[in-house]
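Me: I'd like a close look at one part of this protein. Please take the second largest pocket, then set it among its surroundings.

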Amino acid sequence: MDFETMDKEYVLQTYARNYVNFKHGINATLFDDKGRDYIDFTSGIGVVSVGHGNQRLADAISDQARHIIHTSNLYMIEPQARLAKKINELTGFDVGVFFGNSGAEANEGAIKLARKYGEKKFANKKYKVLTLEHSFHGRTITTVKATGQASFHKSAFAPYPEGFSYTKEIADLYNTIDDETVAVMIELVQGEGGVKAFPKKDIQDLAKFLKEKEILLIIDEVQSGVFRSGEFLATSLYEIEPDIITLAKGLAGGVPIGAVVTKHKDIFEAGDHGSTFGGNFLSTRAGLEALAILDEYKQSGMLDEALIYFEGKLKALCKAYPTLFVSVEGLGLMRGMRCANGEILASLIKKAFEHGVLVLKAGQNTLRFLPPLTISKEEMDEGFKRLESACQALL
């Protein structure tokens, strides 16, 4: 039985898989079982932040696995405490951290925290959470409902939890807030929704308004966080201090992890929230090493150089193929190229793979790029050379 047959027989078919069989990787280059190499502009959907096969990360994981992988949160976990402290330092403001296993779990925790705040803070409980139409916040029942894209609200999974509503634009939020609204939850750069970065002033005005109303601002940085914007938090670029920030994806370089980061350190009490695996020795040790690598990379100036170089490549490709691309979207190494239509997008992803480069799709006919943050200029050059060949094949 070959592996594709095995997968189709024994794995629930919730993904439309490409059955390439990757065997190993070096930074932003993957190799399949036939020895063919691919430039990876996806990093496992923004997860492999320090590249494939990173020796420092592998050594840290291996060392930790030889000692303790897991004990549970009933006991002290030293790397968890150290990682929370590091996150506190990198945010630039005083926060507490709860660790889970994914972005969806982080967003679930943020919603629970907001609703308890709504009960503790106000005489009449506030519980409603507002999001935006093109948002994406996860695939659990609650985070699917928090997601503003109607295509995710399938009737098969109904009924959904109450207390969520959506607006088309940030400006529409002001008129939607009512006496039961406890929080607004947004992405500063909508990933699945089309790699759309919101204007800085719109976000700052919203943050100021919500603070005056004592309504929480939750920023979902599951995809934009951990230096993907060029800073540890995209929040820093927007010069705001949210009440709650959620992180996951690149935080541990590929080991499952999620984090609820909040200034409201006294809302949760023992027993209010928990996770069996969340924040265990292995994941938080990996998180410490990934952040150490990325912080050093940022301080060296190499991350900023990579962002500028990658953006230049995107803009050049967009200009060279006006019949295929409309615009360049996003910021940092969370980027997108808006395609002229959905047919071009689908064909381009297929052709790119055939030419040995991995890219993603996003909403609004967007070709999405989430390369490892440590991607080299040589890998960028080769990746865009292959992508240009894919573009030529469509003309």
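Reply: Start with a term. A strand here is a DSSP run of E with at least two residues, and strands are numbered from the N terminus. A pocket is an open set of grid points with protein on both sides within 12 Å along at least five of seven lines, and a lining residue has an atom within 4 Å of a point. Keep in mind that this is a predicted model.

Now the pocket itself. The second largest pocket holds about 430 Å³ of space. Its lining has 18 residues, and the closest to the centre are V97, F98, K265, F268 and H273. Which strand gives the most to this lining? β4 does, with four residues. Both β4 (96-100) and β12 (258-262) supply at least two residues of the lining. What is the lining made of? Seven residues are nonpolar, nine are polar and two are charged.

Next, step away from the pocket. F99 and N175 are 76 residues apart in sequence, and their C-alpha atoms lie 34 Å apart in space. N175 sits in helix α7, which covers residues 170-176. Is N175 buried or exposed? It has 72% relative accessibility, so it counts as exposed, the cut-off being over 50%.

Turn to the interior. Nonpolar side chains tend to be buried together in soluble globular proteins. The largest nonpolar core of this model has 59 residues, and F325 and F369 touch the most other members. What does F325 touch, leaving out residues up to four places away in sequence? Its contacts are L317, C318, M337, R338, C339, L348, L367 and C391. Another core lies apart from the largest one. This other core has 26 residues, including L130, I177, F198 and I215.

Charged side chains come next. Opposite charges can pair when the charged atoms come close. The model has 31 salt bridges. Three of them are worth a visit.

Take E78 and R82. Their side chains meet in a salt bridge, at 4.0 Å from N to O. Why are they about one helical turn apart? Because they are four residues apart in helix α4 (residues 78-91). E78 has 48% relative accessibility, so it counts as partly exposed. R82 is partly exposed too, at 45%.

The pair of R368 and E192 has another setting. Their closest N and O atoms are 3.3 Å apart. R368 lies in strand β17 (residues 366-369), while E192 lies in the loop between β8 (189-190) and β9 (196-197), so the pair ties together parts that are 176 residues apart in sequence. How accessible is each partner? R368 is buried, at 3% relative accessibility. E192 is partly exposed, at 24%.

Last come R386 and E382. The salt bridge between their side chains spans 2.8 Å from N to O. Both belong to helix α13 (residues 377-394), and they are four residues apart, so about one helical turn separates them. R386 has a relative accessible area of 13%, so it is buried, as the cut-off is under 20%. E382, at 29%, is partly exposed. Which residues are joined into one network here? Salt bridges that share partners link D37, E382 and R386.

To go back to the pocket you asked about: find V97 and F98 among the residues closest to its centre, then trace β4, which gives the most to the lining.

Note on methods:
Residues are numbered from 1 along each chain as its sequence is written. This is a predicted model: local features need pLDDT of at least 70, side-chain atom pairs count only at pLDDT 80 or more; totals for chains, interfaces and linings use all residues. Side-chain values use heavy atoms; hydrogens and water are left out. A nonpolar core is a set of buried Ala, Val, Leu, Ile, Met, Phe, Trp, Tyr and Cys residues joined through side-chain atoms within 4.5 Å. Buried means under 20% relative accessible area, exposed over 50%, partly exposed in between (1.4 Å probe, protein chains only). Contact means heavy atoms within 4.5 Å. On a 1 Å grid over the protein atoms alone, a cavity is a set of points where a 1.4 Å probe fits but cannot get out, and a pocket is an open set with protein on both sides within 12 Å along at least five of seven lines; lining residues have an atom within 4 Å of a point. Grid points are joined across faces, edges and corners, and a volume is the space filled by probe spheres set on the points. Ala, Val, Leu, Ile, Met, Phe, Trp, Tyr, Cys and Pro count as nonpolar, Asp, Glu, Lys and Arg as charged, and the others, Gly among them, as polar.
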